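Reader: Could you take one part of this model and describe closely how its interior is assembled, setting it briefly in its wider context?

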Amino acid sequence: MNAPIIEVRDLVKEYPPTTAVAGVSFAVREGVCFGLLGPNGAGKTTTVEIMEGIQPPTSGEVRYRGGALDTRFREEAGILFQKTALQDFLTVRQSIALFRGLYSHGLTVEEVIRLCALEALAERDNRKLSGGQQQRLLLAIALVNDPSVLFLDEPTTGLDPQARRNFWELVQSIKAQRKTIILTTHYMEEAELLCDEIVIMDRGRIVAQGPPRRLLHEHFADVLLELPRQDFPAAARALPLEILEASDRIEITTHDLEGTLRTLLAAQVPLNNLRIRPANLEDLFLELTGRELRP
Amino acid sequence: MIRRLLAVLHARNLEFVRDRGTLAFTLVLPLALVVGMGFVFGGPERPLFKVGVLGPHLDPAAQPFLHERYVDFVDQPDQSAALHKLTHQQIDLLLDLHGAPRYWVNTESPKGYIVEKLLLAAAPGASRQPVSGAALRYVDWLFPGILGMNMMFSCLFGVGYVVLRYRKSGFLKRLHATPLTAFEFLGAQVLSRLALILFVTVVLYGGVGALIGFHSAGSSLLLLLLAVLGALSMIALGLTIAARFSSEELVGGLLNLLTWPMMLLSGVWFSLEGSPRWIQWVAHAFPLTHVLDAARAVMLDGAGIVQIAPNLVFLALTALVFLGFGAWSFRWRIE
């Protein structure tokens with residue numbers, strides 16, 4: 001097993017009277033894609049910004065390769081923030097060149113442009129890029145120093161499905177180079193596709209931690225049945241089933257599919273709109289917190 | 001460190017040059033000043049002789065010369081002040097009517113030459129004492145003030161709002177995630193603005209010089225040194241204002257709070273000589289006052305580096321103090 005490249009120990013961040021991060025500890029192994037998941041306000045962006053050295057913790061510490069977040073960390077970390085504006089009036093190439101000039105080592109500007117498929121946009125003003133192109137430029141800037149650890153804070157929020165898939169392909173190609181990636185997201189599909197390990201946060205605390213498949217296996221040995229809320233009569237809630245209520249649907253977890261279907265038919269629950277699927281990370285979050293990931 | 005500073009400096013210069021609106025405003029404003037000053041002050045002088053008379057009051061019966069037409073006789077209570085005016089040709093001749101008539105005339109003044117002939121025709125026995133010195137017009141006195149005021153606005157607003165914009169957009173936060181230090185970032189901003197200000201000031205200086213026939217009595221290199229230190233001090237002052245705030249209204253208010261008193265009390269438009277002592281004390285706390293005092297001493301009186309050393313030291317020290325404070329209090333992100 002790889003040694004941890006980043007360790008987070010008893011991290012607390014308070015914005016009185018709110019506690020954004022309430023004592024969080026975990027380790028990120030070198031070469032993995034590590035996901036921080038949670039709904040808006042869970043504390044994941046605050047946690048990751050403390051890990052990036054952008055803001056100080058109220059207490060606790062973050063260690064990079066066993067030491068403090070010093071100049072070496074800044075030289076070796078690449079960061080893509082949730083929201084970033086670049087300097088006005090610069091082209092894509094000049095924006096990348098500006099950041100390349102801030103690091104002592106890294107890729108050439110041309111290498112980064114090729115890596116992020118920005119050749120056709122290199123001479124375009126950075127303000128005239130689409131959302132997906134802008135994210136590719138910001139990823140390119142995060143890669144100029146050929147980082148050992150890459151932070152991606154909700155990188156595909158606001159992108160259309162096509163741009164999101166293109167971005168995932170880029171991240172997968174970076175992941176193939178065995179770089180450590182720390183990804184925060186509230187898209188479960190994104191986390192399931194990219195992450196080797198995840199931490200699920202809610203209200204500033206960790207509620208689950210481990211590889212996604214293992215977590216799903218631990219919490220869901222079985223299949224999941226989904227019914228629209230209006231199809232599920234109030235009387236059926238007393239049935240001997242494992243029921244979770246979401247805003248617009250009822251979810252039933254079971255290892256005995258036939259028996260559950262018989263129980264529902266006997267209770268005269270209409271099954272025309274029934275969906276049967278395996279559990280995913282969103283189900284896991286709902287199971288752990290009783291809340292939906294996307295508010 | 002130099003590599004990072006140069007990267008930010010280069011990007012800032014590109015941004016400025018391509019921002020055509022701001023660039024045009026930065027260049028057009030001083031050029032408009034040049035043209036305006038040329039138009040207002042470039043016309044012919046009024047054909048009137050001005051003679052200073054030492055004494056408590058003017059009594060035309062005491063001297064027939066005082067009946068001459070087209071001569072403006074001005075009472076001068078203080079002899080040394082009157083001689084200073086004569087040296088700068090603000091008066092054409094100085095006449096002392098205490099006892100036997102005597103007079104001082106500026107040997108470099110054409111009008112002094114003519115008015116001396118008129119005096120000797122009326123009072124042949126008057127004794128002559130020559131002085132010399134080039135003519136000083138109001139425009140010569142005002143010119144350093146216009147240069148300084150333009151420099152002040154460019155330093156304070158040009159730097160303050162740029163840093164504020166970077167902070168509000170999140171660009172500073174992104175830079176903070178790199179090895180760039182606050183000192184390197186601020187240093188690049190200072191150098192970029194300094195280069196621009198020196199360029200504009202030199203253009204303005206040359207333009208006005210050509211248009212209205214201005215000539216500095218002192219060293220141009222010394223003026224350049226003064227411009228560098230003055231601009232550094234005022235840029236650093238702008239950075240201290242923008243170092244940590246995120247509100248445009250607050251920063252705009254603070255910059256106005258600084259620029260208006262400086263514009264009124266630093267001697268841009270009129271001399272503060274004779275104003276209450278406390279106003280002079282306040283005025284001497286402003287970098288612009290030291291820039292203008294020193295610039296006028298060099299340009300009008302030909303002062304050397306020794307004479308303006310206190311001003312240069314003040315500007316250098318305030319630049320260091322403001323830049324140090326700005327770097328110390330600097331915030332990369334909105335709190």
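Author: Domain bounds here come from an automatic or database domain assignment. On that basis chain A comprises domain 1 (4-212) and domain 2 (221-278), and their centres, taken over C-alpha atoms, are separated by 39 Å. The model is predicted: local features need pLDDT of at least 70 and side-chain atom pairs pLDDT 80 or more, while totals for chains, interfaces and linings use all residues. Residues are numbered from 1 along each chain as written, with chains lettered from A and ligands numbered from 1 in written order.

Chain B has twelve helices and five strands (DSSP runs numbered from the N terminus: H or I, at least four residues; E, at least two). Of its 335 residues, 39% are buried (20 or more other C-beta atoms, placed from the backbone, within 10 Å of the residue's own).

The largest nonpolar core (buried Ala, Val, Leu, Ile, Met, Phe, Trp, Tyr and Cys joined through C-beta atoms within 7 Å) holds 138 residues. Those with the most contacts inside this core are Ala140(A), Ile182(A), Leu226(B), Leu239(B) and Val298(B). Helix H8 (residues 220-242) of chain B supplies the largest share, 14 residues. Beyond neighbours within four places in sequence, Leu226(B) is in contact (C-beta atoms within 7 Å) with Val291(B), Ala294(B), Ala295(B), Val298(B), Ile308(B) and Leu312(B). A second, separate core of 14 residues includes Val53(B), Ile91(B), Leu95(B) and Trp104(B).

In chain B, 75% of the contacts with a separation of 6 or more link residues 24 or more positions apart.

Note on methods
Buried ≥ 20, exposed ≤ 12 C-beta atoms within 10 Å, placed from the backbone. Contact = placed C-beta atoms within 7 Å.
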